[in-house]
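Q: Please take a close look at a single part of the structure shown below, and then set that part in its wider surroundings. For each term used, I would like the cut-offs to be stated once.

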Amino acid sequence: MPAAEIRLEKISKRYGDLWAVREITLHIKRGEFYTFLGPSGCGKSTLLRTIAGFVSPDEGTVYLDGAPVNHIPPWERDVGMVFQNYALWPHLSVFENVAFGLRERKIPRDEIQRQVQQALEQVGLQGTERRRPSQLSGGQQQRVALARTLVIQPRALLLDEPLSNLDAKLRAEMRIELLKLQRDLGITTIYVTHDQEEALALSTRIAVMESGRVVQEGEPREIYEQPREKFVAEFVGKSNLFIGTVARAGDGIIEVKTEEGLTIRAAFSSPLLPGAAGKKVLLNIRPEAIDLLAPGEEAARLNRIAGKVAALAYQGSFVEYEIEAGGRPIKANVINPKGKRLFQRGEEVAAVFDPKDVALVS
Amino acid sequence: MAALLALLVLFILYPVVRVLWVSLSDEEGKLTLLHFANFFRRPLFREALWNSLLSGVLVVLFGSLMAVPLAYFSVRYEFRGKILLQTLATLPLVIPPFVGAVALQLILGRSGMVNLLLMRWFDWSVPFMEGLTGVVLVQTLHFFPFIMLNTAVSLSNIDPSMEEMAQNMGCRGLRLFGRITLPLMLPGYIAGSLLTFIRVIDDLGTPLMLNYKNLLAPQAYLRITTIGIDDVDGYVICVILVILSLVSLAAARKYLGLAEYATVQRGAVAARPVHGRKRFLVLLFCGLVLGISLLPHMGIFLLSFSKVWSFSILPATYTLDNYTEILFRVPHFVRNTLLYTILAAGLDVILGAAIAFLLLRSRIWGRNLLDAIATLPLAIPGVVLAVGYLRVFHGWDFPGAGAPLTSTWFILVIAYTMRRLPYTVRASYAALQQVHVSLEESAQNLGANRLKTFYKVTLPLITGGLVAGGLIAFITSSVELSSTIMLVPRFELGPISYGIYVYMQSAALGRGAGAALGVVAILLVSLGTYLTHRVFGGRAGSAFRV
């Protein structure tokens, strides 16, 4: 399958006073699975629709394989889109839905027959050709929509929250299937979602968006482990954010005095070290990096914060605790609680964590 | 419940069944198809049936040629004057077709404005208003907005992603319209067309005004009024009218059911601006269609201020006499209309709310029957209901009235109430459906009993729907003619529509006064329509759908 490289240069679009998308520049490589991640209204769908040609940007240029396409209408762009509601045509059968794009391309009749069969097989829907979309389940409709788009062998695949209308279990299944399909075909894919788990699981790279801007771009691990803005740390996964001032720097470790009066040690190798003292910083510690100990218990972790259990929720594979320390809540997910004693509400505990698990956000 | 059911059976089902029975029984009371066989043996009746069907089809055809482009332009294009277009396009609905018929005679008739001009300039005339042509012309100009509204609604209900997806697949322009847009809007369009078809074949006023009698409705009317209440052929025609209406209504329902399938998730397809030549053509088309469809309004307005207007291009002298006549000398037409229609609308609101409540909130046996009977009037032409009433209530003193119902004005109120009941039932039903049961349950959970819950929670929430339904009943009743002219017991008890008919029929009384009454009717309907818009907001068009 052909795979395009997509470049966006300084794309801006406003609706009245509202910037839907503001000066976005991105480079999506051949065969990538690239995700626009952000809350509703952040401009991710507008950006996707700009690439498909349904939105024309006020400023900036969209390049497909190096050629500007701003003036090419949607029907000549040859980028396949799957809509959130699937947009299956209710007056056409499954076969006719899938065959639609091939007929537009004037493919011979028996070739259409063969390619539609193949596309339906690819998504595991052989035998449903004569049914109407309304006679299929949500998951099946999703597959038809995918088959309909893939059958025309588009230069890129654009997916607009394709899994959001499915129930949780089906969503997880489709996620894996989509992943395998995309990696097998090697088609350049842009995926729009507000679900951070989906984004982390599927993408080769992610652009986190807020209010029409890309706030951070990177591989999933980078986004999760080294968020560079408060918004990213909070939006992707759960977080414990601390604002503080660097009290001491040295030995690859900085010591931060937080607003609440807690002391947190963080490991750094970066050039921040010289003259870092006195700087204001924002730190993030993921809940799963924090372990809980009884007050007397010793551990080889450099950070130790004393607190009280304010709430706990048993989740099966882990326990979600909320600890109150220094007048603020700290979230701690303690993994694999099997056999371990659960701390009770009101109990004194010590939250311990490693300096290398402390991320410097800014 | 039992009382409601009894009421509806007595005033809707029973009269129709009696009509059916007369047409199906011989003198000894045995079942027979002989009358129907006789009907089809008579060339006159065969021709009437054929003409009725033909006029229905032609009105739908010509109406579509006007309505579908207008609907498409008003939904998909953005241009200055679009609001004006949408407003003007509903104006034909406010002029009763039989009033429009008279007005068009003056403008397009043999000695009307246009033909006089044609004669003067080219010594040539066009028989616009002769025979079936005239009937079809008047009805087309009156009914095309029904098709337009239904088409526009169904067009704006198409999910934009349906078309975007097709564009994404490489489809555009006329091909996109043919493969995606048209099939998706077809159900709404067909439903609108079928409703128009029903109204056309039920229309009695237009053919009577134009003096073209060879259609089913006027034939039924003439048989009963001239030959007599016992003339079997009249009943047979009535039954055929009911069958045609029922079939069309059932088909319309089926298609509207299909139309639900493609409704919007995201807003409608954005209207796009048009420029240059295309814009000019769009505006030209809209202007032409609206110009022609507003001719009746112009004619009736002129006539109402004229002393004499015949064999001249414009009225010779202008006067206010016509208004003095109908407002001061013979004010009972206007007064009666207000009395009857307000009573009927009020009754409709109460009955409609009660029926809707039973349908949605109770599990009582017979709900479906109630629903079916309350919907039935949509498929019963006014003539048929009137014939049924004459058959049932003629000759026996109604308890409490001291005379047969058919010799009091109550019969008109009853006829209006029953004919328009489906509107208020539907409006209340839709409104009540929006009120989730949990809203009522939480009131009861907090200590309000059933009555209090209805009074404090349900009623305030459905008031909008009730008022809108009542207004539609009011509007449509105030220009009802087909059952009115059969049921009016005495001249002094007639409403506006009857008055117009009488004035227009006799040159002695003066057609100007009839036109003035027509203007009053237009104003009443406009007022009602305006209020409905206020209550319904943007969904006002739904008032004219089934």
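**A helix crossing and its setting**

A: In chain B, helix α16(B) passes α19(B) in a right-handed crossing (the near helix is turned clockwise from the far one by less than a right angle; anticlockwise would be left-handed). The model is a predicted one, in which local features need pLDDT of at least 70 and side-chain atom pairs count only at 80 or more, whereas totals for chains, interfaces and linings use all residues. Residues are numbered from 1 along each chain as its sequence is written, with chains lettered from A and ligands numbered from 1 in the order in which they are written.

The two helices span residues 332–361 and 410–434 of chain B, and their axes come within 6 Å and cross at roughly 45° (axes are lines fitted to C-alpha atoms, for helices over the stretch in contact, with angles from 0 to 180 degrees between N-to-C directions). The residues of this contact comprise 20 nonpolar, six polar and two charged ones (nonpolar: Ala, Val, Leu, Ile, Met, Phe, Trp, Tyr, Cys and Pro; charged: Asp, Glu, Lys and Arg; polar: the others, Gly among them).

Chain B also meets chain A, with 18 residues of chain B in contact with 19 residues of chain A (C-beta atoms, placed from the backbone, within 7 Å). On the chain B side, the elements that give two or more residues are α8 (160–168) and α9 (173–202) of chain B, and α8(B) gives the most, with seven residues. That side of chain B divides into 10 nonpolar, five polar and three charged residues.

Across this interface, chain A has eight helices and 20 strands (DSSP runs numbered from the N terminus: H or I over at least four residues, and E over at least two), and its C-alpha atoms fill a box of roughly 80 × 50 × 35 Å along the principal axes. Five of the strands of chain A form an open antiparallel sheet in the order β15-β19-β16-β17-β18 (two strands pair if DSSP finds at least two bridges between them). Its edge strands, each pairing on one side only, are β15 (291–293) and β18 (328–335) of chain A, and neighbouring strands of the sheet are turned against each other by 45° on average, direction ignored. Within this sheet, β17 (residues 318–325) of chain A runs antiparallel to β18(A) and is joined to that strand by eight bridges, with Ile323(A) standing opposite Ile330(A) in β18(A).

Elsewhere in chain A, strand β11 (residues 240–250) has two antiparallel pairings to consider. With β14 (residues 280–285) of chain A, β11(A) pairs over six bridges, and Phe242(A) stands opposite Leu283(A) in β14(A). With β12 (residues 253–258) of chain A, β11(A) likewise pairs over six bridges, and Ala249(A) stands opposite Ile254(A) in β12(A). Two residues lie between β11(A) and β12(A) in the hairpin that they form, and Asp251(A) in this turn has a positive phi of about 60°.

Positive phi values also occur at two other residues of chain A that are not glycine. At Lys10(A) phi is near 50°, and this residue has its place in strand β1 (residues 6–15) of chain A. At Glu161(A) phi is near 40°, and Glu161(A) lies in the loop between β7 (156–160) and α5 (168–185) of chain A.

Definitions and conventions: Contact = placed C-beta atoms within 7 Å.
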